[in-house]
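Student: I have a chain on my screen and would like to learn how to read its features. Could we go through it together?

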Amino acid sequence: MSRTNGPEIEFYDGFKVADSFQKFVTAGDLGGTKERLLLYGQSEDGSIEKIVRANWFAEEVESIKDMFDQYHSVLQDNNLKQPEDAVLGCAGIIEHEGKYCCFTNIDLEVSTEELAEMGLNVRLINDFYANALQIPWLKEDEKEEI
């Protein structure tokens with residue numbers, strides 16, 4: 001495992017009602033100083049809530065697969081369903097038709113094929129692109145022209 005005591009875990013309000021969600025998805029922020037995986041739940045009415053976040057320090061992660069193994073253990077230990085889908089914002093160039101990324105700042109890589117062996121349908125996107133996707137959702141007082 002990549003960290004002796006496992007990831008740092010943070011629970012959100014959605015954890016209290018996790019049984020009511022119809023669908024689960026993991027969002028990830030990978031390739032920086034910290035690696036993050038966040039479980040979201042979607043209700044029947046379409047609303048989405050955060051459930052749990054797992055954080056690792058990048059230098060303590062041996063592989064993304066090991067990180068997901070730890071993450072899935074956390075979910076299982078807390079009676080949470082393992083999601084089938086994940087979107088990972090990666091700090092690096094997304095290659096091989098969106099199936100691979102070798103991170104720019106740390107000595108790690110991620111492959112959708114490797115994670116598919118764990119039962120995950122994964123989409124890799126560049127982390128800057130992931131941030132840009134959030135711009136339309138910002139409130140006016142959260143924007144600043146540069």
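Tutor: Gladly! A word we will need first is "buried": a residue is buried if its relative accessible area is under 20%, and exposed if that value is over 50%. Keep in mind, too, that this is a predicted model.

Student: How much of the chain counts as buried?

Tutor: Of its 146 residues, 38% are buried by that cut-off. On the outside, the chain exposes about 9,200 Å², and carbon and sulfur atoms supply 47% of that area.

Student: And which elements does the chain contain?

Tutor: There are 3 helices and 9 strands. Read from the N terminus on, they follow the pattern β-β-β-β-α-β-β-β-β-α-β-α. The radius of gyration is 16 Å, close to the 15 Å that the globule rule gives for 146 residues, so the chain is as compact as a globular protein of that length. Along the principal axes, the C-alpha atoms fill a box of roughly 45 × 40 × 30 Å.

Student: Next, the sheets. How do strands of a sheet pair?

Tutor: In general, they pair through backbone hydrogen bonds, in either a parallel or an antiparallel way. Here, 6 strands make an open sheet with the order β1-β4-β3-β2-β5-β9, and its pairing is mixed. At the edges are β1 (8–11) and β9 (121–126), each of which pairs on one side only. From one strand to the next, the twist averages 15 degrees.

Student: In which sense do β5 and β9 pair?

Tutor: Strand β5, residues 85–90, is parallel to β9, with 6 bridges between them. To find one of these on your screen, look for Cys90, whose bridge partner in β9 is Asn126.

Student: What lies across β1, β2, β3, β4 and β5?

Tutor: That is helix α1, residues 64–77, which runs at about 45 degrees to β3.

Student: What about the open sheet of 3 strands?

Tutor: Its order is β6-β7-β8, and the pairing is antiparallel. Its edge strands, β6 (94–95) and β8 (109–111), have a single partner strand each, so one side of each is left without a neighbour in the sheet. Between β6 and β7 (residues 100–102) there are 2 bridges. Ile94, for instance, has Cys101 in β7 as its bridge partner.

Student: Now for the inside. Which residues of the largest nonpolar core touch the most other members?

Tutor: A nonpolar core is a set of buried residues of certain kinds, such as Val, Leu, Ile and Phe, joined through side-chain atoms within 4.5 Å. The largest one here has 31 residues, and those touching the most other members are Ile64, Phe68, Leu88, Phe103, Val110 and Leu115. At least two core residues come from each of β2, β3, β4, α1, β5 and β9, and α1 gives the largest share, 5 residues.

Student: Take Leu115, then. What is it in contact with, leaving aside neighbours within four places in sequence?

Tutor: Leu115 contacts Ile64, Lys65, Phe68, Leu88, Val110, Leu120 and Val122. For the chain as a whole, among contacts between residues at least 6 apart in sequence, 58% join residues at least 24 apart.

Student: One last residue: is Thr112 buried or exposed?

Tutor: Thr112, found in helix α2 (residues 112–116), has a relative accessible area of 9%, so it is buried. Apart from neighbours within four places in sequence, Thr112 is in contact with Gly98, Lys99, Val122 and Leu124.

Notes
Residues are numbered from 1 along each chain as its sequence is written. This is a predicted model: local features need pLDDT of at least 70, side-chain atom pairs count only at pLDDT 80 or more; totals for chains, interfaces and linings use all residues. Side-chain values use heavy atoms; hydrogens and water are left out. Two strands pair if DSSP finds at least two bridges between them. Helices (H or I, at least four residues) and strands (E, at least two) are DSSP runs, numbered from the N terminus. Axes are lines fitted to C-alpha atoms, for helices over the stretch in contact, and angles run from 0 to 180 degrees between N-to-C directions. Contact means heavy atoms within 4.5 Å. The radius of gyration is taken over C-alpha atoms; the globule rule is 2.2 Å times the number of residues to the power 0.38. Buried means under 20% relative accessible area, exposed over 50%, partly exposed in between (1.4 Å probe, protein chains only). Accessible areas come from the Shrake-Rupley method with a 1.4 Å probe; for residues, only the protein chains shown count as cover.
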